[in-house]
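Please examine the sequence and the structure shown below. The paragraphs that follow lead through a sheet, the cavities, a helix and some details of the backbone.

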Amino acid sequence: MAPSISLLLSFFILFSHLFSASSSEEIENTPLTITLPLTPTFTSKPSMDPMLFLQELASESKSRAHLLKYGKSSPLVKSPLYPIVYGGHTISLSFGTPPQKLSYLVDTGSHVVWAPCTTHYRCINCSYSAKEVPFFKPQLSTSLNTLNCKNPRCTSECPRCKGNPKNCPQICPFFVQYGTGAEAGYYLSEDLHFPEKILHNILVGCATIGLREISTFAMGGFGRSMFSLPVQMGVKKFAYCLKSHYFDNTRNSSNLIFDYRDGDTKGLSYTPFLKNPPDYPIYYYLVVKNLMLGKKILPISSKYLAPGSNGSGGLVIDSGFAFGYMAGPVFKIVTNELKKQMYKYKRSREVEELSGFTPCYNFTGRKIEIPDLIYHFTGGATMVVPGNRYFRFIPQIGFGCFPVTTDAAKTLEFTPGPSLILGNYMQVNHYIEFDLKNDRLGFRQQTC
């Protein structure tokens, strides 16, 4: 992977001298209500073979888990939210003057906003052709400002500035890594258009080259960062309510809400976000008091349920992860109890081996009864995830699997990073609110 990353950076440096920079950091006050129009989002179709499709989902889940663990008059804005086949959700955003609309993945595990950019964009070892990528065209925008390294908003390392970025005109480099993929380019500031308002000087990464990407979408970073989309917009909180989907890119949309109000939202239970460990600054960490399967409290050590000072342990809630993750010891406790409570169904070792998930069961001709998975958080908040929201069913062959990713095969008992990741599949039919002003997560169960 190192040679490919070097190639990305080299490619970027070749183009960096072409751009000059200026930017303003002022953001206009937003109106009380902004609603984005509903638009569909599609990707290429997944494999029609159900086993191959599960393998694809398992592989992507493992890559995502590795990234998160080891990678280093209502004042609302509503945006339609669309599911995509690999488990993410997108919104449409319009940057530039005149506005250029693209679909952006909503990712609470990412810290910046970026888009495939320029007519020269290319992607190395990607699952698609660069010709298929919708990209932002900076040459068509009259509101664009390219950042240079002396701009205080440039937090990237600038190798050509020789340790003195304050007087360096070099373009501000952009580089992000996602699991096995990466994007590189430069930073710019742009206008973000809503039907009734324009927000100025939003920092956006202009990606000119990609590596091993599986999606053609742009990225909307919603993590805990000064350059995430909601923080740049100045909102106090954002929320979504995800509808059930079957990884088929249907027009089954829901709303993403940017909220400029402070205070409690009616009917929500709240649990506090924790101060982030230094090695994991952008994730939304929560403390789990206990975890239940059905009526059984699971004997999970507190070191896995609450994060330590080094970032090991605790739960991260992530909109960009489909099924989620459990550390090996937690996974074993949960699945052992699941097997006990699912004793009346026949396990399929063959499906487990082919899919990469475990345990898997044959539900053909049977009434499906799967125990609830219940998270009790600090502050008294409780999230109940029904069995049909944490099992992945394969109706074509009558089977279902527990699709949570783990590193159970690793020899280390206690690995770095969060011990639990709550993916968006388990968040379906919950109203989820990220209260940035008060550092807390609020939620309630409802039909979305």
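Two strands are said to pair if DSSP finds at least two bridges between them. In this predicted model, strands S19 and S27 satisfy that condition with 2 bridges, and their pairing is antiparallel. Within this pair, Tyr325 stands opposite Ile421, a residue of S27.

The two strands belong to an open sheet of 5 strands, whose order is S15-S18-S27-S19-S26 and whose pairing is mixed. The edges of the sheet are taken by S15 (residues 285-286) and S26 (residues 405-406); each has a single partner strand, so one side of each is left without a neighbour in the sheet.

The same region may be followed into the second largest cavity. S19 (325-326) and S27 (420-422) each supply at least two residues of its lining. S27 gives the most, with 3 residues. The complete lining consists of Leu315, Gly324, Tyr325, Met326, Tyr375, Val404, Leu420, Ile421, Leu422 and Met426. Tyr325 and Ile421 are thus part of this lining, besides standing opposite each other in the strand pair. What is the chemical character of the lining of the second largest cavity? Its residues divide into 9 nonpolar and 1 polar, with no charged residue. The space in this cavity amounts to about 40 Å³.

The largest cavity holds about 50 Å³ of space. Its lining is formed by Phe95, Tyr104, Ala115, Cys117, Phe136, Leu188, Val204, Gly205 and Cys206. Which strand gives the most to the lining of the largest cavity? Strand S10, which covers residues 197-211, does so with 3 residues. Here the division is 8 nonpolar and 1 polar, and again no residue of the lining is charged.

Attention may now turn to helix H5, which runs over residues 328-341 and has 14 residues. From its first C-alpha to its last it reaches 20 Å, close to the 20 Å expected at 1.5 Å a residue. Several residues of H5 are buried, namely Gly328, Val330, Phe331, Val334, Thr335, Glu337 and Leu338. The charged residue Glu337 is therefore listed with nonpolar residues such as Val330 and Phe331 among the buried positions of H5.

The remaining details concern the backbone in loops. A cis peptide bond joins Thr97 and Pro98, with omega at about 0 degrees. Pro98 is located in the loop between strand S3 (89-95) and strand S4 (100-107). A cis peptide bond also joins Thr358 to Pro359, where omega is about -5 degrees. Pro359 has its place in the loop between helix H6 (349-355) and strand S21 (360-362).

Positive phi values in residues other than glycine also deserve inspection. Arg212 is not a glycine, yet its phi is positive at about 50 degrees. This residue lies in the loop between S10 and strand S11 (218-221). Is Arg212 buried, partly exposed or exposed? Its relative accessible area is 27%, so Arg212 is partly exposed. Asn429 likewise has a positive phi, near 60 degrees, and is a residue other than glycine. Asn429 is found in the loop between helix H8 (424-427) and strand S28 (430-435). Because its relative accessibility is 26%, Asn429 counts as partly exposed.

Key: Residues numbered from 1 in each chain as written. Predicted model: local features only at pLDDT ≥ 70, side-chain atom pairs only at ≥ 80, totals over all residues. Heavy atoms only, no water. Helix = DSSP H or I, 4+ residues; strand = E, 2+ residues; numbered from the N terminus. Expected span 1.5 Å × (residues − 1). Buried < 20%, exposed > 50% of the residue type's maximum accessible area, 1.4 Å probe, protein only. 1 Å grid on protein atoms, 1.4 Å probe; cavity = no way out; pocket = protein on both sides within 12 Å on 5 of 7 lines; lining within 4 Å. Points joined across faces, edges and corners; volume = space filled by probe spheres on them.
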